[in-house]
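Me: Hi! Could you help me look at charged side chains in this one?
Reply: Sure, happy to go through them with you.
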Amino acid sequence: MSLSLMLSMLIAGILFPRGIQTGLITVNIYTDSCVSGEMQVEELTKGTIAVSQLSNGDIIRGIRGADRVHGWCRVEAVYPRKGNDMFNTYDGFTASHMVIDADAVHAYGEKGNATKSRLYTLATECDGAVNAAGQAFTPISTAFCPHELSWSEYLPLMAAIRRVTSRTGYFWYFNDAFFNNETARVPEWMNMLHDMCTELLRCAREGQCQKFEKIMEEFVHEHLNPKYRVIVDHMFPNIGGDVEKSETGTITELVRPQKKSNPLLFLAVGSAVAMVLIIIAAAFLVRRARVTRKAKTATDPDPSDHHQARAQDVET
């Protein structure tokens, strides 16, 4: 799967072979980090089908969370690579496509059944998809993150990417999303991806986000197709701003981990407050009962004062 998902979504997406007119240059971009359209997956209502038969909104097998829980996941993006070129795949993956094994997220490599296939981008709402052979895989490749990731690193990376794409839409997967720019500080957009991955991880895991914010501003304004740049600028009007002063309107606002209250602490405090209120209420009721009894005692007549009782005393 190619690494097209740059920006905040930064997910390595796909870049299909194409020509793009930019200023004085025409560039052709070739990447081969997608999955085979012939790879088999299990769809909830259609049964076992090829990736090429999937549609956005279909439900396939996947995994999510720290415990890698298996379940059903909605397909958020599935697009064929532009053109009819065939590429080498191994058990349905390009060599650079990142798959999930135990606690490691790594490139699949040149192993297994090698075939020539048409490539597809495939991303779901889950942290990873699972094919019919039981292999879990990601929507990114080493074109984006060049090194192996632990599961604990990968989870916040993908969570941040999904938060961004939920805000902007999934155009990051489109084949016309990015272009090379000879006037940019980094002319070839793909040469920015490794730094993006590094800084996205630093922001999502450690909360250090200023460098990430600046990289994204540069990437969006120098390499993102103008029709998509308008969307990003609208959604993130303060892109590139000082995130230590204000996160409002920045991409960091979605990527940096938010401070959350400790649920156990909240439960403990809530229980203590409830107990205090119960004690106060009980004390009030006891006090009220005592006051009521005293008032009753004070107002009730002494039986010895009754006229019959006085008459008996006289006769005696």
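Me: Let's start with lysine 211: is it buried or exposed?
Reply: Lysine 211 is exposed, at 52% relative accessible area; exposed means over 50%, buried under 20%, and partly exposed in between, using a 1.4 Å probe and protein chains only. This is a predicted model, where local features need pLDDT of at least 70, side-chain atom pairs count only at pLDDT 80 or more, and totals for chains, interfaces and linings use all residues. Residues are numbered from 1 along each chain as its sequence is written, and side-chain values use heavy atoms, leaving out hydrogens and water.
Me: Which residue does lysine 211 meet in a salt bridge?
Reply: Glutamate 199, with 3.8 Å from N to O. A salt bridge here is a side-chain nitrogen of Lys or Arg within 4 Å of a carboxyl oxygen of Asp or Glu.
Me: Where do the two sit?
Reply: Lysine 211 is in helix α3 (residues 210–223) and glutamate 199 in helix α2 (residues 193–206), 12 residues apart, so the pair links distant parts of the chain. Helices are DSSP runs of H or I with at least four residues, numbered from the N terminus. Glutamate 199 is buried, at 5%.
Me: New topic: how many salt bridges are there?
Reply: The count is 13.
Me: Which residues form a network with Arg74?
Reply: Glu76 and Glu125 are linked with Arg74 through salt bridges. Arginine 74 and glutamate 76 come to 2.7 Å, N to O. Arginine 74 is partly exposed at 34%, while glutamate 76 is buried at 16%.
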